Amino acid sequence: MREITADNLPDLARGAAVLGTGGGGDPFVGRLLAQQALKRNGPVTLLDLDETDDEALIVPTAFMGAPTVMLEKLPSGDEIIGAMRAMEELLGRKATHTVSIEAGGLNSMSPFVAAAEAGIPLIDADGMGRAFPELQMLLPTLGGVQASPMALADERGNSVTLRTDGNAWAERLARAATVEMGCSAAVSLYALTGRQAKDHLVPGTLTLCERVGRAIREAREGHEDPVTAAARVLGGRTVFTGKISDVRRTTSGGFARGTARLAGLDADTGSALELSFQNENLVATRDGEVVVSVPDLICVLDTDSGEPVTTETLRYGLRVSVLGVPCDPRWRTPEGLALAGPGYFGYAHDYVPFPGAEV
């Protein structure tokens with residue numbers, strides 16, 4: 001157990017955006033929301049999973065929608081509390097804890113808002129170990145945990161509650177509601193007991209985010225390579241360094257979809273890499289050959305500063321380095337690949353685990 005203050009948030013948000021694999025929301029927006037909540041309410045207590053009582057009621061919160069929209073339709077933070085309160089009404093109980101459903105610059109920060117405003121602890125964990133674009137793509141789904149009942153809320157004070165026939169339907173119906181709410185909304189779902197959280201969540205995610213963010217900052221301050229520093233903490237490696245030569249991006253169906261093409265620099269001169277994304281980076285292809293693919297992590301960092309580059313901020317001329325990072329081993333099971341592997345997203349290639357993790 002430890003207390004998180006505003007001083008911890010810059011490193012946390014930076015590292016969370018790295019683990020967000022291009023999605024999970026903008027880290028600057030996420031950090032500002034969390035800072036304001038902590039300024040109003042004081043520090044947030046961060047608990048390890050094993051410190052959580054088995055009978056606890058854990059109510060996760062997050063934002064869903066298209067990251068491109070959230071750069072212009074900035075959240076206020078009230079949406080998160082609205083979604084949590086609507087969820088509590090559905091459950092007939094107050095939440096005792098909250099947790100992130102995914103890593104990301106916004107979605108690792110927004111639970112700090114919920115925890116601070118509700119006066120409850122935040123658990124040091126998440127449901128993916130990264131970010132994925134769809135609501136059913138959580139490890140609790142593999143364990144049979146239902147996403148619903150669930151609640152959504154927007155900045156106008158609207159709220160929607162859903163009870164669905166399975167987690168895929170939760171994604172479909174919540175996505176439709178989010179589009180009507182302006183392509184971004186807060187969501188509360190996957191209510192968990194403490195026992196379920198211990199069984200199905202990824203432990204230590206927020207601590208890992210802080211370690212990654214700190215490593216990048218300290219490498220910069222020490223005039224060292226921040227990309228290498230991040231890769232070392234994550235157990236990943238750089239697969240390409242280049243300059244963005246083209247970005248094609250659309251917002252449709254509540255997602256930011258597209259591709260980015262990189263022209264190689266330094267040791268990668270003469271080669272090209274293409275990133276395909278749907279909110280998050282899904283596949284990295286070098287000269288026609290897949291080098292990293294979901295469910296492994298594809299993280300894009302500014303080559304000079306080490307700052308994470310989200311899919312909505314990819315732009316022509318930016319010099320970036322692309323990291324491959326092994327995913328949580330549960331995503332590499334047949335069930336995990338069926339839920340969030342390349343075949344689910346319509347890619348024909350077979351999944352090849354990125355080197356460095358257990359298969």
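Which residue takes a positive phi in the hairpin of S15 and S16? In this predicted model, that residue is aspartate 287, whose phi is near 50 degrees, and the hairpin has two residues between its strands. The report begins with the strands around this turn and then moves to another sheet, a pair of helices and two single residues.

**Strand S15 and its partners**

Strand S15 covers residues 280–286 and is mostly covered, since five of its seven residues are buried. Strand S14, made of residues 272–278, runs antiparallel to S15 and is joined to it by six bridges. Within this pairing, serine 276 has valine 283 of S15 as its bridge partner. The hairpin of S14 and S15 has one residue between the strands, and here asparagine 279 takes a positive phi near 65 degrees. S15 is also joined to strand S16, residues 289–293, by four bridges, and these two strands run antiparallel. In that pairing, threonine 285 stands opposite valine 290 of S16.

The table sets out the strand pairings described in this report.

| Strands | Direction | Bridges |
|---|---|---|
| S14 and S15 | antiparallel | six bridges |
| S15 and S16 | antiparallel | four bridges |
| S2 and S5 | parallel | two bridges |

**A sheet of three strands**

Three strands form an open sheet in the order S1-S2-S5, and the pairing within this sheet is mixed. Its edge strands are S1, at residues 2–4, and S5, at residues 122–123, each of which pairs on one side only. Strand S2, at residues 44–47, pairs with S5 in the parallel sense over two bridges, and the bridge partner of leucine 47 in S5 is isoleucine 123.

From the UniProt record, an unreviewed entry, comes the feature "domain: S-Me-THD N-terminal", which is placed at residues 8–163. Over residues 8–163 the chain is 37% helix and 15% strand, and the C-alpha atoms at the two ends are 37 Å apart.

**Helices H1 and H9**

Helix H1, residues 9–19, packs against helix H9, residues 205–221, at an angle of about 105 degrees, with 6 Å between their axes. Because angles of 65 to 115 degrees count as roughly perpendicular, H1 is described as roughly perpendicular to H9. The residues of this contact divide into nine nonpolar, three polar and six charged. On the H1 side they include Leu12, Ala16 and Val18, while on the H9 side they include Leu208, Val212 and Ile216.

Glycine 213 has its place in helix H9. With a relative accessible area of 0%, glycine 213 counts as buried, because buried means under 20%. Leaving aside residues up to four places away in sequence, glycine 213 touches Asp11, Arg14 and Gly15, and these three belong to the H1 residues that meet H9. Glycine 213 and proline 226 are 13 residues apart in sequence, and their C-alpha atoms are 9.6 Å apart in space.

**Serine 184**

Is serine 184 buried or exposed? Serine 184, which lies in strand S9, residues 184–188, is buried, with a relative accessible area of 7%. Its C-alpha atom is separated by 4.3 Å from that of glycine 65, although the two residues are 119 residues apart along the chain. When residues up to four places away in sequence are not counted, serine 184 touches Met64, Gly65, Met70, Lys73 and Thr178.

Terms used:
Residues numbered from 1 in each chain as written. Predicted model: local features only at pLDDT ≥ 70, side-chain atom pairs only at ≥ 80, totals over all residues. Heavy atoms only, no water. Axes fitted to C-alpha atoms, helices over the stretch in contact; angles between N-to-C directions. Parallel < 35°, antiparallel > 145°, perpendicular 65-115°, else oblique. Contact = heavy atoms within 4.5 Å. Nonpolar A, V, L, I, M, F, W, Y, C, P; charged D, E, K, R; others polar. UniProt positions renumbered as here; feature names shortened; annotations may be inferred. Buried < 20%, exposed > 50% of the residue type's maximum accessible area, 1.4 Å probe, protein only. Pairing = 2+ DSSP bridges.
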